[in-house]
Amino acid sequence: MATLSSSPSPSILSSSTANPKTPYLKPPLLFFPKPLTTALTTALATTTLLLTSPPSSIASDSYNVYYGTAASAANYGGYGGNSDKKASAEYVYDVPDGWKERLVSKVEKGTNGTDSEFYNPKKRQEKEYLTFLAGFRQLAPKDVILNNLALSDVELQDLIAGADSLVSEEKKDENGQLYYVYEIDGIGKHSLIAVTCAKNKLYAHFVNAPAPEWKRDEDTLRHIHESFKTVGSS
C-alpha cells in the first residue's frame, strides 16, 4: 500500500475582459504591431506555457512523496495494513503528479524483491520502481552489484547487453551513507539506478524511460532519481 502526501497546486490568475460598449479605437502601430486578437492569443499562449511547463528545477508541489516499508513477502498484505506507513517507512522517493501505482503481487515481491512501482499512464514504459534484498550489511564493488541486480531483472540484462554507454559513480549523503549511482544509455531506452545498504538490506531504485520520453522528461526523471533515500535508523 502506498502513502502519498501532496501539496496544494498554485492558483491560476484570472483575466479581465474589455467592456463591449467601449468604442473601438485603432491603436497606433507603435504599441500593437499585431491585430488585437492575435496579441491576446499570443499572450494567453505564453501564460499557459508559464503555468504548465515547469523549469528544470521543478516545484515540490509537482510531486507526491511515497513512503516505502520494504516489508517481507511473508508479511506483505497481512495484518497491520492500517499502520502509519510514514512512521514505519524505510525509504522514500518522489512520484510525479498523475503517475499511477502498479500493485506488486506477493509472488513478485518474493521472487525478485520488487517493493513498489509507479508509471506514467500515458507511456507505461516510463516508470520508477524499487527492489530490495535482505542480508546485505554493506555494498560490494559497483560492477558486482549491478550484475547481481540483473540476475532477477531481464529488462536490466537486455539494457546492459546493448548499452551504448554505462557510467557509475559513488556518492554519499549528508549522513555519510554510501550510494552507487548508475546511468545506462541503451538501445531506445535510458535508465538511472541508485543503490544503497541500510538496516541489513540492499535497496535499488530504478528510473526507466524510452528514448523519446527521456529527451522530453529528462529533468523530471532526474529529479525522481535524486529524490530516493533511505530513512530511519540504519
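This is a short talk on the cores, the cavities and a few single residues of one protein model.

What you see is a predicted model. The protein has 234 residues, and 35% of them count as buried. Its secondary structure comes to 6 helices and 11 strands. If you take the contacts with a separation of 6 or more, 59% of them join residues 24 or more positions apart.

I will start with the cores. In soluble globular proteins, nonpolar side chains tend to be buried together. Here the largest nonpolar core holds 21 residues. Those with the most contacts inside this core are Y91, Y93, L130, Y203, L221 and F228. Which elements give two or more residues to it? They are the strands β2 (63–68), β3 (91–96), β6 (123–134), β9 (189–198) and β10 (201–210), together with helix α6 (211–227).

Take Y203 from that list. Setting aside its neighbours within four places in sequence, Y203 is in contact with A70, E90, Y91, L130, T131, F132, A194, V195, T196, A198, F228 and T230. Y91, L130 and F228 on that contact list are also among the residues with the most contacts inside the core.

Apart from the largest core lies another, of 17 residues. Its members include I145, L146, A150 and F206.

Next, helix α6. This helix bends by about 85 degrees at D217. Its buried residues are E213, W214, D217, T220, L221, I224, H225 and S227. So D217 is both the place of the bend and one of the buried residues of α6. An α-helix has 3.6 residues a turn, so residues three or four places apart point the same way. Look at the buried positions in α6 with that in mind; D217, L221 and I224 are among them.

Now the cavities. How many of 30 Å³ or more are found in the whole structure? The search gives 2.

The largest cavity has a volume of about 40 Å³. Its lining consists of Y129, D153, E155, L156, L159, K189, S191, F206 and N208. By type, that is 4 nonpolar, 2 polar and 3 charged residues. Helix α5 (154–161), β9 and β10 each supply at least two of the lining residues, and the largest share, 3 residues, comes from α5. F206 in this lining also belongs to the core of 17 residues.

The second largest cavity contains about 30 Å³ of space. L133, F136, I145, N148, L149 and L202 line it. Here the division is 5 nonpolar, 1 polar and no charged. Helix α4, residues 142–151, gives the most to this lining, with 3 residues. I145, one of the lining residues, is again a member of the 17-residue core.

Last, two glutamates. E155 sits in helix α5 and lines the largest cavity. Is E155 buried or exposed? Its relative accessible area is 39%, so E155 is classed as partly exposed. Neighbours within four places aside, E155 is in contact with K127, K189 and N208. Of these, K189 and N208 also line the largest cavity.

E108 is found in helix α3, residues 106–112. Why does E108 count as buried? Because its relative accessibility is 19%, and the cut-off for buried is under 20%. Leaving out neighbours within four places in sequence, E108 is in contact with R102, G113 and T114.

That is the end of the talk.

Note on methods
Residues numbered from 1 in each chain as written. Predicted model: local features only at pLDDT ≥ 70, side-chain atom pairs only at ≥ 80, totals over all residues. Heavy atoms only, no water. Core = buried A, V, L, I, M, F, W, Y, C linked by side-chain atoms within 4.5 Å. Buried < 20%, exposed > 50% of the residue type's maximum accessible area, 1.4 Å probe, protein only. Helix = DSSP H or I, 4+ residues; strand = E, 2+ residues; numbered from the N terminus. Contact = heavy atoms within 4.5 Å. 1 Å grid on protein atoms, 1.4 Å probe; cavity = no way out; pocket = protein on both sides within 12 Å on 5 of 7 lines; lining within 4 Å. Points joined across faces, edges and corners; volume = space filled by probe spheres on them. Nonpolar A, V, L, I, M, F, W, Y, C, P; charged D, E, K, R; others polar. Bend = angle between axes of the 7 residues up to and from the residue.
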